[in-house]
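Student: Please take a close look at a single part of this structure, and then connect it to the rest. I would like one continuous account rather than a list.

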Amino acid sequence: MKTIKLTNVTKIYHNEIVALKNINLTINNKEPIAIIGPSGSGKTTLAKIIAQVLDYTEGTLLFDDELPNQDYLKSGKIAYIDESARLFPHLTIFDNIAYPLKLQGISFKEINRRVLEVASLFDISILLTRKPKQISKGQQQLAILAKMWIKYPSLIVLDEPFQGIDGKKKADVKKLLSKLLDTYSGIFVIVTHDINDALMLSKKIVFLNDGAIIDILKIEEIFKSTNPEIKKLVLGDVK
Ligand code: ADP
Ligand code: MG
């Protein structure tokens, strides 16, 4: 996939709560974007709409200039990790990572090869026989990302993926993700409230407030912005 285009996308929950207003946004492949904004600004709603797990109320959303079709949605090419993504507690890390491929009916030999490949990439090879509760939060997050990567997705949407991971481990996970992004040719969207995540993992930042886009800026432009709302988001770690 090369582009996702949202035109005048509006989301109203239960006929009364306006979560997004007239969102116009084009996302290109090889140009990772970050969505940043305070709590309640509509980040998760926008992420879900892009990942096609939530319907919008008005407007249009196109994948490569066409309405996304059901075959595509079922193909496993979209990887969406929500705010509270968890591993299956009763499965080993190996079986957790293998899960999306098992659903696709891929042969055991191929699954085995790919699990070992991504486990090595995410530096969790020695953890494959363990269960989630036998590894740290940061290692669990690496396993969640490995489970996403194994599908070879052409669209990745991550919603606040570093919550609950502390300093050093968070830095390690971010570094790994950043390295993978260097060669990733699909579309990547990360939601965060931390400007440092956005600086490291995106080329363009969408600033959201109260359901509307304040501005969309390239990384090199953000420190030049004179918009006070953007300055606040850039300087403070908004919660
Ligand atoms: P963020 O991720 O930036 O915190 P959300 O997208 O979760 O923002 O929420 C945007 C707005 O929509 C908020 O006012 C929130 O209360 C509301 N909202 C989110 N999900 C629902 C829902 N399922 N039903 C009703 N209102 C919702
Ligand atoms: Mg959210």
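Tutor: Tyr 152 sits in the loop between α5 and β6 (155-159). In this predicted model, Tyr 152 has a phi near 50 degrees, a positive value for a residue that is not glycine. Most residues other than glycine have a negative phi. Tyr 152 counts as exposed because it has 11 C-beta neighbours inside 10 Å, and the limit for an exposed residue is 12 or fewer.

The helix before this loop, α5, spans residues 137-149 and gives 7 residues to the largest nonpolar core, the largest share of that core. The core has 63 residues, and Ile 35, Ile 97, Ala 146 and Val 189 have the most contacts inside it. Val 189 has contacts with Ile 27, Ile 33, Ile 35, Ala 47, Ile 50 and Val 157, leaving aside neighbours within four places in sequence. In soluble globular proteins, nonpolar side chains tend to be buried together.

A positive phi also occurs at Asn 15, where the value is near 60 degrees and the residue is again not glycine. Asn 15 belongs to the loop between β1 and β2. Asn 15 is exposed because 6 other C-beta atoms lie within 10 Å.

The strands on either side of that loop belong to an open sheet of 3 strands, ordered β2-β1-β4 with antiparallel pairing. Its edge strands, β2 and β4 (58-63), each pair on one side only. From one strand to the next the twist averages 15 degrees. Strand β1, residues 3-13, is joined to β4 by 5 bridges in the antiparallel sense; Leu 6 has Leu 61 of β4 as its bridge partner.

Tyr 13 lies in β1 and is also one of the residues around ligand 1. Tyr 13 counts as exposed because it has 12 C-beta neighbours inside 10 Å, and an exposed residue has 12 or fewer. Thr 45 is another member of the shell around ligand 1. The C-alpha atoms of Tyr 13 and Thr 45 are 9.9 Å apart, although 32 residues separate the two along the chain.

The shell around ligand 1 also includes His 14, Ile 17, Ala 19, Gly 37, Ser 39, Gly 40, Ser 41, Gly 42, Lys 43 and Thr 44. Two elements, β2 (17-28) and α1 (43-50), give two or more residues to this shell, and α1 provides the largest share, with 3 residues. By residue class, the shell holds 3 nonpolar, 8 polar and 1 charged.

Terms used:
Residues are numbered from 1 along each chain as its sequence is written. Chains are lettered from A and ligands numbered from 1 in the order in which they are written. This is a predicted model: local features need pLDDT of at least 70, side-chain atom pairs count only at pLDDT 80 or more; totals for chains, interfaces and linings use all residues. A residue is near a molecule or strand if its C-beta atom, placed from the backbone, lies within 6 Å of it. Helices (H or I, at least four residues) and strands (E, at least two) are DSSP runs, numbered from the N terminus. Ala, Val, Leu, Ile, Met, Phe, Trp, Tyr, Cys and Pro count as nonpolar, Asp, Glu, Lys and Arg as charged, and the others, Gly among them, as polar. Two strands pair if DSSP finds at least two bridges between them. Axes are lines fitted to C-alpha atoms, for helices over the stretch in contact, and angles run from 0 to 180 degrees between N-to-C directions. A nonpolar core is a set of buried Ala, Val, Leu, Ile, Met, Phe, Trp, Tyr and Cys residues joined through C-beta atoms within 7 Å. A residue is buried if 20 or more other C-beta atoms lie within 10 Å of its own, exposed if 12 or fewer, and partly exposed in between; C-beta atoms are placed from the backbone. Two residues are in contact if their C-beta atoms, placed from the backbone, lie within 7 Å.
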